[in-house]
Amino acid sequence: MKIRLPTPSPQELALAGVTALWGGTFLILHLAMQHCGPMFFVGVRFLMAAAMVACLAGRHMTGLTLKEVRSGILIGIALSIGYVLQSAGLREVTSSRSAFITALYVPLVPLFQWAILRKSPHIMSWVGIGLAFAGLIALAGPAALTLTFSHGDLLTVLSACAIAAEIVLISLFAQGVDSRRITVCQLVGGGLFALLLMPVAGEHVPTFSWIWVICAAALGSLSALVQLVMNWAQKSVPPSKAAVIYAGEPVWGGLVGWLAGDQLQATTLLGAALIVCGVLASEMRPRWLVKRQQHLTENG
């Protein structure tokens, strides 16, 4: 008997590709945070990305609708919050640790689907959430005994929550809009939101440095590509499946960080392994469980 493996769609392959690129950004962000504040950097990065996408979209921008503007701004705010918190966290934690903690957004997506889209999580999603939480405790190391995490860890966890919300919102608003136009709205909305937060948080414009300029341009280009692909691909790829594909991000981020010299302790590796297991478990559907659920449904 021949076993046929499922063939990934072009959209799934595209998401996997940008995930690999995405995973390498943690080290660049870590470098940039040594030379400027997180809100300024995210604002400049997103506005650069918006200009790039708008140039690529060209005449297609003339068809901009009110729905695209409103949806794009809402997604952009969630995106901005996630990136600002992640960038701030990277001032205190290593790039590999940030990548592993950020992976918590994968099992969080089903919970946000439940809250926003009113779709109850599968039982395996709860298993994945439990494993991911255990992974977070392991990542905390000895601090877990006092139920405390470092400030950088907490910021990164909150970042994961914002990213999970962004993924669900993209799926909620992706239908019936132009991917290029809504991407521009997301990036403009997210960039302006980050810059407007600067005086509220007491963050100042940094002194000029080619390091943050080059980092912002590089990550701005990547943001343009990633958001375009996500808005296009998630029209047909459900958020829970997209989240599993994005699970490769911490693996790439951890690998790049390790190659750059990050020390991966035993508790870090254990925590990372538990989070990855949680990610995979959240999408597993054992045959016996599927049959049991069908039986319960048929018998009302």
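Leu 13 is exposed, with a relative accessible area of 52%, a value over the 50% cut-off for that class. This residue is placed in helix 1, which covers residues 10-23. In the predicted model described here, Leu 13 and Ile 245 are separated by 232 residues in sequence, yet their C-alpha atoms are 9.0 Å apart in space.

The protein chain contains 14 helices and 0 strands. Read from the N terminus, the order of elements is α-α-α-α-α-α-α-α-α-α-α-α-α-α. Of the 300 residues in the protein chain, 51% are buried. The chain exposes about 14400 Å², and carbon and sulfur atoms supply 70% of this area. Among contacts between residues at least 6 apart in sequence, 91% join residues at least 24 apart. A further pair of residues distant in sequence is given by Val 276 and Ala 103, which are 173 residues apart along the chain and 7.8 Å apart in space, C-alpha to C-alpha. Val 276 belongs to helix 13 (residues 266-281) and, at 30% relative accessibility, counts as partly exposed.

Aromatic contacts were examined next. The structure holds 4 aromatic pairs. In one of them, the ring centres of Phe 40 and Trp 212 are 5.0 Å apart and the ring planes stand at 85 degrees, so this pair is classed as edge-to-face. The two residues come from distant parts of the chain, with Phe 40 in helix 3 (residues 38-57) and Trp 212 in helix 10 (residues 210-233), 172 residues apart. Phe 40 has a relative accessibility of 10% and therefore counts as buried. Trp 212 also counts as buried, at 10% relative accessibility. A second edge-to-face pair is formed by Phe 46 and Tyr 83, with 5.3 Å from centre to centre and 65 degrees between the planes. This pair likewise links distant parts of the chain: Phe 46 lies in helix 3 and Tyr 83 in helix 4 (residues 66-89), 37 residues apart. Phe 46 and Tyr 83 are both buried. Ring pairs also join Phe 40, Phe 208, Trp 210 and Trp 212 into a cluster.

Charged side chains form 2 salt bridges. One is made by Glu 68 and Arg 181, with an N to O distance of 2.8 Å. Glu 68 is located in helix 4 and Arg 181 in helix 9 (residues 179-201), so the bridge ties together parts that are 113 residues apart in sequence. Both Glu 68 and Arg 181 are buried. The other salt bridge joins the side chains of Arg 180 and Asp 178, at 2.9 Å from N to O. Arg 180 has a relative accessibility of 31% and counts as partly exposed, whereas Asp 178, at 14%, counts as buried.

On the surface, Val 188, Leu 192 and Leu 196 make a nonpolar patch of about 260 Å². Val 188 is a residue of helix 9. With a relative accessibility of 31%, Val 188 counts as partly exposed.

Cysteine pairing was also assessed. A disulfide is a covalent bond between the sulfur atoms of two cysteines. The count of disulfides in the structure is 0. Cys 36 is in no disulfide, and its nearest cysteine sulfur, belonging to Cys 215, is 8.1 Å away. A pair is counted only if the sulfur atoms lie within 2.5 Å. Cys 36 is buried, at 4% relative accessibility. Another cysteine, Cys 185, is buried with a relative accessible area of 10%.

How values were computed. Residues are numbered from 1 along each chain as its sequence is written. This is a predicted model: local features need pLDDT of at least 70, side-chain atom pairs count only at pLDDT 80 or more; totals for chains, interfaces and linings use all residues. Side-chain values use heavy atoms; hydrogens and water are left out. Rings of Phe, Tyr and Trp (its six-membered ring) pair if their centres lie within 6.5 Å; planes under 30 degrees apart count as stacked, over 60 as edge-to-face and the rest as tilted. Helices (H or I, at least four residues) and strands (E, at least two) are DSSP runs, numbered from the N terminus. Buried means under 20% relative accessible area, exposed over 50%, partly exposed in between (1.4 Å probe, protein chains only). A salt bridge is a side-chain nitrogen of Lys or Arg within 4 Å of a carboxyl oxygen of Asp or Glu. Patches are made of residues with over 30% relative accessible area and no salt bridge: like charges are joined within 9 Å, nonpolar side chains (Val, Leu, Ile, Met, Phe, Trp, Tyr) within 5 Å. Accessible areas come from the Shrake-Rupley method with a 1.4 Å probe; for residues, only the protein chains shown count as cover. Contact means heavy atoms within 4.5 Å.
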